[in-house]
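Colleague: Could you take me through this model and tell me what the terms rest on?
Modeller: Gladly; here it is.

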Amino acid sequence: YQRRVHGTLSECLFFFAMPALKLIYFPLPGRAEATRLALTLGGVPFEDHRISMEEFGKQKSEGKFLMGSLPVLEIDGEQLAQSNAMLIYAARIGNAGLYPADPFQAAKVDMFLATIEELSAKLSASMRVSAELKKEMREKFVTEDAPRYMKPLDDVAAKSGSAFAVGTSLSVVDLVLLCHYKWLSSGVLDHVPSTIYDSFPALKAAANAAAADSRIVQYYAK
C-alpha cells in the first residue's frame, strides 16, 4: 500500500515515519470526538480504543493513565494528556490542513479551544451535584456563562469571511464546535434548551459547515 504525500521532503519523511497512535477514551463522543475526527480527516492511522468505566477505574487505580483521566493519546507508547493538546497534535500531523500555519490564525484557534474548554467545564461541574443545585447551575449557564463566553467568539467567527469560525476553511475549531453544538442541542441536558446555539448564529453556522463536510458525513454514516 502506498500513500501519495505532498509537502516538503521533511514533511514527507515524517508522514511515512508516522508514529503508532492509540486514542483511549470511553465508548461515547465526549472529549475525544474532535480528535477522532481530526485524525480521520487527516488520513492518520490510529487505534480507537474505547474502554468501560469499570475498566477505566481499574486501570486508573493501577496508575495507567497520565494525570489519572481520559482521554489520553499514546504516541509510540508515550501518553499525551489534555484534549486540546491531543487535538492540535492530531491536526498538525495530518494532511487535512486543520491547524493554521499562520501564527495569528493559529492563536485564534487556540483562543477558541481554550474558551470552549472553560465553558464546557462549567457545564460538566453541574453533573456531579444535587438536582436542586444542578437546576441553579444550569440556569446560570444558560443566562450568564454561555453568553459571556460564546458571544465574543460569535463576533470573531462572524468576521471570518466564511461559514467557518477561523479563516476560510475547516479547522479544528469547527470540529470542536460541531461536537459542542451536538452536545448542547441534544435535549438530554436538563435545564439547557436545545436551541441555545440560536443566540450565536456564526458559531452555529460553523458547526453546521463542519457537519456538512462530506468526509464527516461519511464518518458518521459508518
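What follows is a short exchange about terms and values.

Modeller: This is a predicted model, in which local features need pLDDT of at least 70 and side-chain atom pairs pLDDT 80 or more, while totals for chains, interfaces and linings use all residues. Residues are numbered from 1 along each chain, and side-chain values use heavy atoms, without hydrogens and water.

Colleague: Why are H7 and H8 called roughly perpendicular to each other?

Modeller: Helix H7 (residues 172-184) and helix H8 (residues 201-212) pack at about 100°, their axes 8 Å apart. Axes are lines fitted to C-alpha atoms over the stretch in contact, and angles run from 0 to 180 degrees between N-to-C directions. Angles of 65 to 115 degrees count as roughly perpendicular (under 35 roughly parallel, over 145 roughly antiparallel, the rest oblique), so H7 and H8 earn the name. Helices here are DSSP runs (H or I, at least four residues), numbered from the N terminus.

Colleague: What makes Tyr197 count as buried?

Modeller: Buried means under 20% relative accessible area, with a 1.4 Å probe and protein chains only (exposed is over 50%, partly exposed in between). Tyr197 has 1% relative accessibility, and therefore counts as buried.

Colleague: Where does Tyr197 lie, and which residues is Tyr197 in contact with?

Modeller: Tyr197 lies in the loop between H7 and H8. Contact means heavy atoms within 4.5 Å. Leaving aside neighbours within four places in sequence, the contacts of Tyr197 include Leu177, Tyr181, Leu203 and Lys204. Those four also take part where H7 meets H8: Leu177 and Tyr181 in H7, Leu203 and Lys204 in H8.

How values were computed
Helix = DSSP H or I, 4+ residues; strand = E, 2+ residues; numbered from the N terminus.
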